[in-house]
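This report describes one protein model, beginning with a pair of strands and moving outward to the helices, two buried residues and a pocket.

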Amino acid sequence: MRAILFDRFGGPEVLHEADIEVPQPGSGQIRVRVEAAGLNALDGKIRSGAMQAAFPTPLPAVPGAEFAGVVDALGEGVRDVQVGDEVLGWSDTGSYAEFALATTVAPKPAGLDWQHAAALPVAGETAERVLDLLGVAAGETVLMHGAAGAVGTLAVQLATARGARVIATAGPANQDYLTSLGATATLYGEGLVERVRALAPDGVDAVFDLAGKGALEDSIALRGGTERIVTIADFRAHQLGITFSSGGQERSAARLAALAQDAATGKVVTTVTAYPLDRAATAQQVSDAGHGRGKLVLTLG
């Protein structure tokens, strides 16, 4: 099968296409013919070698944590899906490939296309996990740093659905985008504390940092301490007494199925930029640069 590999750590240029063996599902696993694979910032960090201490990666490796596709084969003991089912979920073997193995998947609604389906598993799990950690509730004000990306796009909508008000930061090009999602948009950077205080004179109840670019000190100033601040991107968190949240522990097929249904009916909006599989290096270069809008995906269909 066609797959994207890296056999050394480095920049996006280490990614290359290769012909490798089709994986065989083990007990409890399914094999999926991948139609679209989601990209995440973590993919580039793993590829660079920066995450070796936290996520040891044997080489060569196929990147990618999420996909949408068609069930192709069943491992022993699998009863809840059938060959031919259209699903989305998390990959056990890397998703930048024609086939991937998986353990946790949800049905893909007929009204949701492959690209938008592949955008949901990681971003949805991350957004819900952090909002739960923060205990976001109706009537509260949540500040989100760098909210125009894949996780932020969903987090803004999920928080407002809980009845919270969201103040979301981004660059000039994404101000209208965040407003369209239901947030009160403002610019990041110098003067942020003053801008947020003007927008929320009574203060903010919680802070979700998706940017990882020096916003934690401003967050502490706005909260008057470190409580109810969570980052998924700033590795200085522990030095400052702030919670760093990483994913993978709470993959729920039921919650993913509900999110996919909301996306199919338009209750939740996703924004996607697609690249063909053979342009995976270009897509990761774009991802590494940050400042993007919505989700990057690779297409294989």
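Thr 231 has Phe 244, in strand β12, as its bridge partner. Strands β11 (residues 229–231) and β12 are paired in the parallel sense over 2 bridges; two strands pair if DSSP finds at least two bridges between them. Strands (E, at least two residues) and helices (H or I, at least four) are DSSP runs, numbered from the N terminus. The model is predicted: local features need pLDDT of at least 70 and side-chain atom pairs count only at pLDDT 80 or more, while totals for chains, interfaces and linings use all residues. Residues are numbered from 1 along each chain as its sequence is written, and side-chain values use heavy atoms, with hydrogens and water left out.

The wider setting is an open sheet of 6 strands with parallel pairing, in the order β9-β8-β7-β10-β11-β12. Its edge strands, β9 (184–187) and β12 (243–244), each pair on one side only. Two helices that contact strands of this sheet are listed below. Contact means heavy atoms within 4.5 Å; angles run from 0 to 180 degrees between N-to-C directions, and axes are lines fitted to C-alpha atoms, for helices over the stretch in contact.

| Helix | Strands touched | Angle |
|---|---|---|
| α3 (residues 121–134) | β7 (141–145), β10 (206–209), β11 | about 150° with β10 |
| α4 | β7, β8 (165–170), β10 | about 165° to β8 |

Leu 210 is placed in the loop between β10 and α7 (216–223). With a relative accessible area of 14%, Leu 210 is buried; buried means under 20%, exposed over 50% and partly exposed in between, for a 1.4 Å probe and protein chains only. Leaving out residues up to four places away in sequence, Leu 210 touches residues including Met 144, His 145 and Ile 232. Another of its contacts is Gly 152, which is 58 residues away in sequence and 7.0 Å away in space, C-alpha to C-alpha.

Gln 284, in helix α10 (residues 280–289), counts as buried because its relative accessibility is 1%. Beyond its neighbours within four places in sequence, Gln 284 is in contact with residues among them Pro 12, Asp 43, Arg 47 and Tyr 96.

The lining of the second largest pocket divides into 5 nonpolar, 1 polar and 4 charged residues. Ala, Val, Leu, Ile, Met, Phe, Trp, Tyr, Cys and Pro count as nonpolar, Asp, Glu, Lys and Arg as charged, and the others, Gly among them, as polar.
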